Amino acid sequence: MKEYDVITVGAGPAALSCAIYLCRGGKSVLCISNGKSALEGDMKIENYFGFGSISGSELLKIGTEQAKKLGAEIKNGEVVGVQMGQSGYTVFTSDGEYRCKKLLIATGRTQSVPKIDGLDGFIGRGVSFCAVCDGFLYRNKKIAVLGNGVYAKHECEVLMQMGCGVTLFTNGKELDGIDFPFVIKDKIASLSGDERINAVCLENGEKIEISAFFVAEGTAGATDLARKIGIFTSDDGKYIITDKNGRTNAPGVYAAGDCTGGFCQVATAVSSGALAANEILSELR
Ligand SMILES: Cc1cc2nc3c(=O)[nH]c(=O)nc-3n(C[C@H](O)[C@H](O)[C@H](O)COP(=O)(O)OP(=O)(O)OC[C@H]3O[C@@H](n4cnc5c(N)ncnc54)[C@H](O)[C@@H]3O)c2cc1C
C-alpha cells in the first residue's frame with residue numbers, strides 16, 4: 001500500500017490550500033474527494049481576494065489544477081473510515097485503502113442529525129454515530145443502521161465483524177450504489193424505548209426490536225471520522241476542535257475549513273489550510 005506524507009480528506013479550498021503549501025515543501029500529498037465541495041455550483045463568489053467575481057466551480061477548478069501541477073494527487077472517492085496505526089493513519093475509502101504519516105480532515109460542513117422522532121433523546125442511550133467506537137457494546141445483539149450509501153454499508157460491515165445482527169434502514173430511500181442482504185426501506189415513524197432505545201417504529205405500524213441504532217446517513221462527515229480516532233468535537237457534535245494552527249488532540253491529525261466552525265468562507269478555509277500545512281511541515285521536519 002502506497003504511503004503518502006499527508007492525506008487530505010476533502011479537496012475543497014481548505015484541503016487544496018494545504019496541499020499547495022505541502023507540495024511546495026516537497027511532501028507527497030493525496031487529496032480524496034467525493035466531489036461535494038460547498039463551492040460546487042453556479043454561485044458567484046464576489047468577496048474572495050483578487051478574483052472580482054467568479055463562479056464557485058471555476059474557483060475550485062483553478063485551485064485543483066494549481067495543486068495538481070505542484071504534484072498533489074487528487075482521487076475521487078468517499079472516505080468511510082480512518083484508523084490510527086503505529087506510525088500514521090490508514091484511510092479507508094469506497095474503493096481502497098491508503099496510508100499516510102499525517103492526516104488533514106477538511107470535509108466542509110457537517111450534515112445535521114436526521115429528524116426522526118425520539119432520536120435525539122436516545123443519543124448515548126443506544127443511538128450511536130460510530131460503529132468502531134460503540135459496536136462492541138452490542139455484540140450478538142440486533143442492531144439498526146440508518147443510511148443507504150457506501151458509508152452505511154461500511155458501518156454495517158464493521159458491526160457484523162463484531163458479531164452484531166445488522167439490518168439497514170433506508171427510511172424511504174433507495175439503496176445508492178450498494179447492496180446489502182438485510183434491508184428495510186419503509187419510512188421510520190419514531191424510535192422508542194424506556195431508559196434505552198429498544199425499537200424502530202415504522203410508518204406502516206410495524207415495530208422492530210433492536211438494541212442500538214447507528215446513524216450513517218449520507219457520507220461520513222468530519223465529526224463522524226473524528227469520533228473513530230477519538231478526536232474532540234464541539235458539544236453539539238458539529239465541529240472538530242483544533243488549536244489556532246489546525247492541530248487536533250490526536251497526534252498527527254489536523255482539521256481545516258468549514259468543519260472546524262467559525263466564519264465559513266473561502267478566505268478562512270484557505271487560511272486554515274495554509275496554517276495546518278505550516279504546522280505539518282514543521283512536524284515532518
Ligand atoms: C450556496 C453557497 C454560497 C456561498 N457563497 C460564498 C461566498 O460568496 N463567499 C465565500 O467566501 N464563501 C461562500 N460560501 C462558503 C464556501 O463555499 C465554504 O466556506 C468553503 O467551500 C469551505 O471550504 P472547505 O474546504 O472547508 O469545505 P468544502 O468546500 O465544502 O469541501 C469539502 C470537501 O470534502 C469532501 N468530502 C466531504 N466528506 C467526504 C468524505 N466522506 N469522503 C471524501 N470526500 C469528502 C467534499 O467532496 C469536498 O471536496 C458559500 C457556500 C454555499 C453553500
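How many Å should the 12 residues of α1 span at 1.5 Å a residue, and how far apart are its end C-alpha atoms? The expected span is 16 Å, and the end C-alpha atoms are 16 Å apart, which agrees. That expectation is 1.5 Å times one less than the number of residues in the helix.

**Before you click**

You are looking at a predicted model, in which local features need pLDDT of at least 70, side-chain atom pairs count only at pLDDT 80 or more, and totals for chains, interfaces and linings use all residues. Residue numbers start from 1 along each chain as its sequence is written. Element names follow DSSP runs, numbered from the N terminus: helices are H or I with at least four residues, and strands are E with at least two.

**Stop 1: helix α1**

Select residues 13–24, which form helix α1. Here 11 of the 12 residues are buried, meaning that 20 or more other C-beta atoms lie within 10 Å of a residue's own (12 or fewer is exposed, in between is partly exposed, and C-beta atoms are placed from the backbone). Among the buried ones are L16, A19, I20 and C23. Now show the partners: the buried residues of α1 pack against β1 (3–9), β2 (29–33), α2 (56–69), β8 (96–105) and α6. Step just past the helix to G26, which has a positive phi of about 85°.

**Stop 2: α1 against α6**

Add residues 266–284, helix α6. The axes of α1 and α6 come within 7 Å and cross at roughly 35°; axes are lines fitted to C-alpha atoms, for helices over the stretch in contact, and angles run from 0 to 180 degrees between N-to-C directions. This crossing is right-handed, that is, the near helix is turned clockwise from the far one by less than a right angle (anticlockwise would be left-handed). To see the contact, colour P13, C18, Y21 and L22, which are among the α1 residues there, and V266, V270, I280 and L281, which are among those from α6. Contact here means C-beta atoms, placed from the backbone, within 7 Å. The residues of this contact divide into 14 nonpolar, four polar and no charged. In that count, Ala, Val, Leu, Ile, Met, Phe, Trp, Tyr, Cys and Pro are nonpolar, Asp, Glu, Lys and Arg are charged, and the others, Gly among them, are polar.

**Stop 3: C259**

Next, pick C259, in the loop between β17 (253–255) and α6. Is C259 buried or exposed? C259 is buried, with 29 other C-beta atoms within 10 Å. Leaving out residues up to four places away in sequence, its contacts include I105, R109, A222 and Y239.

**Stop 4: where the domains meet**

Zoom out and colour domain 1 (3–111 + 220–284) and domain 2 (120–215); these bounds come from an automatic or database domain assignment. Their centres, taken over C-alpha atoms, are 29 Å apart. Eight residues of domain 1 are in contact with seven of domain 2. On the domain 1 side, β6 (79–84) and α5 (222–228) each supply at least two residues, and α5 gives the most, with three. That side has two nonpolar, two polar and four charged residues.

**Stop 5: two asparagines**

Finish with N140, in the loop between α3 (131–134) and β10 (142–146). N140 is not a glycine, yet its phi is positive, about 65°. N140 is exposed, with 9 other C-beta atoms within 10 Å. Then go to N171, in the loop between β11 (165–169) and β12 (183–184). Its phi is also positive, near 55°, and N171 is partly exposed, with 18 other C-beta atoms within 10 Å.

Notes. Two residues are in contact if their C-beta atoms, placed from the backbone, lie within 7 Å.
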